[in-house]
Amino acid sequence: MPNSIAFAKNYTSIIDEVYQRAGVSNVLNSGRRMVRAGHNAKEIMIPKMSVTGLGDYTRNVGYKTGAITYEFETKTFNYDRGIRLFADVMDVEEAGVLDCFVEAGAELQRTQVAPEADAFTFAKIASHAGVTVDSADLSEAAATDVLAALRAVTSTMDERQVSTGSRILFITPTLKGVLDDFSYANPTRSNRVLERFSRIVEVSQVRFYTAIDLLSGDDDQFGYQRGAASYELTSDTEVDSSKTYYTRSGSEGSYTYSAVASPTKSGLSGYYEQVSAAGRDINFMVVEKSAVIKFDKHVASRVFSPDELESLDSYMMKYRKYGIVELFDNKLDGIHVSAAPSA
């Protein structure tokens with residue numbers, strides 16, 4: 001009979017990791033002064049000042065009298081997320097990987113924390129009141145089309161006196177590749193518009209949406225996803241011709257909404273209105289860094305030994321991050337978003 005030899009098994013310290021990029025939105029982190037300002041408060045009060053311009057000076061009357069306007073804008077912390085992970089002592093021991101929580105912590109940061117932080121940052125910027133999101137289908141665009149779109153943005157910002165010193169272009173790897181290939185194949189063609197940015201940062205499309213939903217963790221739904229459109233029953237008693245009404249079908253958790261072609265007054269009781277649009281793919285985003293408020297007020301990350309837990313003989317790792325992503329109201333000219341049209 002043939003030999004039957006059981007080969008020895010051993011564990012490697014090399015983990016079969018999923019592909020994932022490091023966080024890219026950290027370039028927008030606010031400076032120390034802003035971090036100190038938000039240290040002991042749930043809200044940040046930011047002063048806004050404006051003064052009148054110059055007037056004629058006359059030798060008989062002298063100076064014209066202007067005015068100072070000094071007011072505050074309030075910004076509230078808007079990101080509070082966390083997770084707790086357990087590993088039974090025997091599972092850890094028998095698996096022969098006593099340092100698994102060190103690896104798990106690194107994996108959490110790389111595959112969950114960083115992507116979600118990026119997605120939240122870009123979605124918050126794109127959905128901020130006063131920020132216009134231009135619709136453009138660049139899925140099949142030529143490099144000249146992308147360059148023309150970027151030139152239009154930079155020209156508008158230049159005319160509005162937005163600083164170039166910290167103007168950052170965030171763009172998908174696909175569109176950046178289109179520009180790179182064009183520059184290589186056409187060395188005599190101008191791509192100098194790219195010099196109008198202090199930095200160019202590639203953002204994977206799965207982190208680059210105009211809106212996202214942060215999943216609660218209920219029913220094993222964790223992390224984030226592209227924002228889904230939300231609807232609510234209309235309160236209208238008469239048909240408003242400027243609105244689009246929807247009917248709902250399906251069951252809870254999988255409803256579909258269909259636009260009503262010819263709404264009637266008698267059907268209003270069953271019509272819905274869209275209160276928030278679905279997230280769209282962002283093509284590129286131009287951000288002047290000083291327009292952004294972005295910092296983490298509190299980050300807690302700790303591993304607990306089994307001796308520290310009362311009811312479980314397990315290791316436990318907890319992680320929490322509490323912070324803010326906001327924009328200065330007076331600096332919205334420093335933000336531009338180009339996104340794919342709504343599906």
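A residue is called buried when its relative accessible area is under 20%, exposed when that value is over 50%, and partly exposed in between. Keep that in mind as we walk through this model, which is a predicted one.

Let's start with a charged pair. The side chains of Asp-118 and Arg-207 meet in a salt bridge, with 2.6 Å from N to O. Asp-118 sits in helix H3 (residues 100–126), while Arg-207 is in the loop between strand E6 (199–202) and strand E7 (212–214), so this pair ties together parts that are 89 residues apart in sequence. Are the two partners buried or exposed? Asp-118 has a relative accessibility of 1%, so it counts as buried. Arg-207 is at 2%, so it is buried too.

A search of the whole structure turns up 18 salt bridges. Another of them joins Glu-326 and Lys-75, at 3.4 Å from N to O. Here again the pair links distant parts of the chain: Glu-326 belongs to strand E15 (residues 314–327) and Lys-75 to strand E2 (residues 68–76), 251 residues apart. With a relative accessible area of 18%, Glu-326 falls under the 20% cut-off, so it is buried. Lys-75 is buried as well, at 4%. These two also have company: Glu-73, Lys-75, Glu-326 and Asp-329 are linked in a network of salt bridges.

Now look at Glu-308 and Arg-302. They form a salt bridge whose closest N and O atoms are 2.4 Å apart. Glu-308, at 41% relative accessibility, counts as partly exposed, and so does Arg-302, with a relative accessible area of 42%.

Next, find the open sheet. Five strands make it up, in the order E4-E16-E13-E5-E6, and their pairing is mixed. Which strands stand at the edges? They are E4 (133–135) and E6, and each has a single partner strand, so one side of each is left without a neighbour in the sheet. From one strand to the next, the twist averages 15 degrees. Further in, E5 (residues 167–171) and E13 (residues 282–288) pair in the antiparallel sense over five bridges. If you'd like one bridge to look for, Ile-168 has Val-287 of E13 as its partner.

Helix H3, the home of Asp-118, comes back at this point. H3 packs on the sheet, where it touches E4, E5, E13 and strand E16 (335–339), and its direction makes about 80 degrees with that of E13.

Another helix to trace is H5 (residues 173–185), which lies across E5, E6 and E13 and runs at about 105 degrees to E5. H5 has 13 residues, and the distance from its first C-alpha to its last is 18 Å, close to the 18 Å expected at 1.5 Å a residue.

Which residues of H5 are buried? They are Leu-175, Lys-176, Leu-179 and Phe-182. Seen down the axis of H5, these buried residues fall within an arc of 125 degrees, so they line one face of the helix. There is a handy rule behind such patterns: an α-helix has 3.6 residues a turn, so residues three or four places apart point the same way. On the other side of H5, Thr-174, Asp-181, Tyr-184 and Ala-185 are exposed. And what covers the buried residues of H5? The cover includes helix H4 (143–159), along with E5, E6 and E13.

Key
Residues are numbered from 1 along each chain as its sequence is written. This is a predicted model: local features need pLDDT of at least 70, side-chain atom pairs count only at pLDDT 80 or more; totals for chains, interfaces and linings use all residues. Side-chain values use heavy atoms; hydrogens and water are left out. A salt bridge is a side-chain nitrogen of Lys or Arg within 4 Å of a carboxyl oxygen of Asp or Glu. Helices (H or I, at least four residues) and strands (E, at least two) are DSSP runs, numbered from the N terminus. Buried means under 20% relative accessible area, exposed over 50%, partly exposed in between (1.4 Å probe, protein chains only). Two strands pair if DSSP finds at least two bridges between them. Axes are lines fitted to C-alpha atoms, for helices over the stretch in contact, and angles run from 0 to 180 degrees between N-to-C directions. Contact means heavy atoms within 4.5 Å. The expected span of a helix is 1.5 Å times one less than its number of residues. The arc is that of the directions from the helix axis to the C-beta atoms.
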